[in-house]
Amino acid sequence: MSAVMARRAWVEQIMGFPVSVHVRGDDPDSAERAVATVFAELRAADAAFSTYLDDSDLSRWERGELPLTTELAAVVALCEVARERTDGWFDPRSGPRYDPSGLVKGWAVQRAARHLTRLGEYGWCLNAGGDVLVHAPEGQPEWRIGVEDPYDPGRLIHVVSLRDGAVATSGTAHRGEHIIDPRTRRPATRVRAVTVVGPDLLWSDVYATAAAARGPSAIEWLDGVDGYEALLVTALGAVRVTSKWKQEAM
Amino acid sequence: MRRIMAWLGATVAGLVLLFSYRTSTMSTPAANAVTTSGTTGTSDGNGTYEGSVAQTRWGPVQVTIKVSGGKITSVDVPIYPSGNGRDQEINAVALPILTQETLDAQSAGIDTVSGATVTSDGYKESLQAAIDSAHLS
């Protein structure tokens, strides 16, 4: 392996947030088509599931103008599983309308990433608005994912080193109080940010969203969830981590 | 061990200073000296360390840390002022001090950043944009 590995990045704004893909390997430019397919698929998922677009499949289904598509059915079913796995703290019905977007993002990104998996010997890092999915083949270093300080986004509170897996963060740092507490139906305010590391993005993201709604005690809950570790910053700035959270990565 | 105690002391002291700062235009704050107490640590430094309760104008403040393998694994503030309608305000001021030691992103050698969802509008100023721009061709 050469000391300096070629690396190329692509960025597009999709679903209202930046999506960047980094590819490492001998000739990263050759990944151009696979990356374009990832972006196209994410745009298609946005068109289908947007709660902002009146003509999205989701909006039309809610108005009774469209039968449940295969994709919608899959997402609705996954949302139900998510609600059960999170003791109801992830709930697409907690707001004024059915809103699966807390799951759709992870689901769509995870699914679109299969086009990168086909690149074989290349390493890749997909970042969708702060939620990250990575793969580094043998012979390449692990990806280093900085966890931003929710009180000073130019700084980091941790670095996660990963070969394969996901890092998802939920909180109020950039978009304000947008996570609804399903029990009170009011904005959840006791967690400033929570980062979940796990094997896949869909569940890391769902657990992070649920933990933000649940409050600081979510750390005890996540300690009992196999394969997922978390770091939580409370609204007061205290930092809590699950028992197997790696402290050494920095 | 000594470093940890110093850190805990500094954290509580910093917190008290911030509380004091908020009141400096009003009257002399009633912040007492801070010492650490109530530790349940083992000889290798692992365990839970409780800072003593510091009296501030807004009420008592206490910081507790857990140490494992020589690292601080959690910071809690079991006692903090509330109920006077000012807790939100106080929280916002106290936060930067209570968060664990942070890292300068430039020196960390990171490949990407995970954080609460960045909006497209906020992207240009973000750390991720800086990292991306180094690799766009």
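Two strands count as paired if DSSP finds at least two bridges between them, and the strands themselves are DSSP runs of E, at least two residues long, numbered from the N terminus. Helices are DSSP runs of H or I with at least four residues, numbered likewise.

Some housekeeping before you click. This is a predicted model, where local features need pLDDT of at least 70, side-chain atom pairs count only at pLDDT 80 or more, and totals for chains, interfaces and linings use all residues. Residues are numbered from 1 along each chain as its sequence is written, chains are lettered from A and ligands numbered from 1 in the order in which they are written, and side-chain values use heavy atoms, with hydrogens and water left out.

**Stop 1: the sheet in chain A**

Select strand 4 (131–135) of chain A and strand 7 (residues 164–171) of chain A. These two strands run antiparallel and are joined by 4 bridges. Click on A:His135 and you'll find A:Asp164 of strand 7 standing opposite.

Now add strand 10 (residues 191–198) of chain A, which pairs with strand 7 in the antiparallel sense over 6 bridges. Two facing pairs to pick out here are A:Val167 with A:Val197 and A:Ala168 with A:Val196.

Zoom out to take in the whole sheet. It is open, has 8 strands in the order 1-2-3-4-7-10-11-12, and its pairing is antiparallel. Which strands stand at the edges? Strand 1 (7–14) and strand 12 (239–241) of chain A do, each with a single partner strand, so one side of each is left without a neighbour in the sheet. On average, neighbouring strands are turned by 10 degrees against each other, direction ignored; the axes behind such angles are lines fitted to C-alpha atoms (for helices over the stretch in contact), and angles run from 0 to 180 degrees between N-to-C directions.

Colour strand 7 by burial next. Of its 8 residues, 7 are buried, where buried means under 20% relative accessible area, exposed means over 50%, and partly exposed is in between (1.4 Å probe, protein chains only).

**Stop 2: helix 6 on top of the sheet**

Show helix 6 (residues 201–214) of chain A. Helix 6 packs on the sheet and touches strand 4, strand 7 and strand 10 of chain A, with its direction at about 25 degrees to that of strand 7.

Pick A:Thr209 in this helix. Is A:Thr209 buried or exposed? At 15% relative accessibility, A:Thr209 counts as buried. Leaving out residues up to four places away in sequence, A:Thr209 touches A:Phe90, A:Gly102, A:Ser170 and A:Ile179; contact here means heavy atoms within 4.5 Å. For a distance label, try the C-alpha atoms of A:Thr209 and A:Val196, which are separated by 9.4 Å and lie 13 residues apart along the chain.

**Stop 3: the aromatic cluster**

Show side chains for A:Trp203, A:Tyr207, A:Trp221 and A:Tyr228, which form one aromatic cluster. Rings of Phe, Tyr and Trp (its six-membered ring) pair if their centres lie within 6.5 Å; planes under 30 degrees apart count as stacked, over 60 as edge-to-face and the rest as tilted. The structure holds 5 aromatic pairs over all chains.

Start with A:Trp203 and A:Tyr207, a tilted pair at 5.7 Å centre to centre with 40 degrees between the planes. They sit 4 residues apart in helix 6, so about one helical turn separates them. Both A:Trp203 and A:Tyr207 are buried.

Swing round to A:Tyr207 and A:Tyr228, an edge-to-face pair: 5.0 Å centre to centre, 85 degrees between the planes. A:Tyr207 is in helix 6 while A:Tyr228 is in the loop between helix 7 (218–223) and strand 11 (229–234) of chain A, so this pair ties together parts 21 residues apart in sequence. A:Tyr207 and A:Tyr228 are both buried.

**Stop 4: strand 11 and two arginines**

Follow chain A to A:Thr234 in strand 11. At 8% relative accessibility, A:Thr234 counts as buried. Setting aside neighbours within four places in sequence, its contacts are A:Tyr151, A:Arg190, A:Val191, A:Arg192 and A:Pro216.

Then jump to A:Arg24, which lies over the face of A:Trp143, 3.7 Å from the ring centre. Likewise, the charged end of A:Arg183 sits over the ring of A:Trp89, at 4.1 Å from its centre. A charge sits over a ring if NZ of Lys or CZ of Arg is within 6 Å of the ring centre and within 35 degrees of the ring normal.

**Last stop: chain B**

Switch to chain B, which has 5 helices and 7 strands. Of its 137 residues, 42% count as buried.
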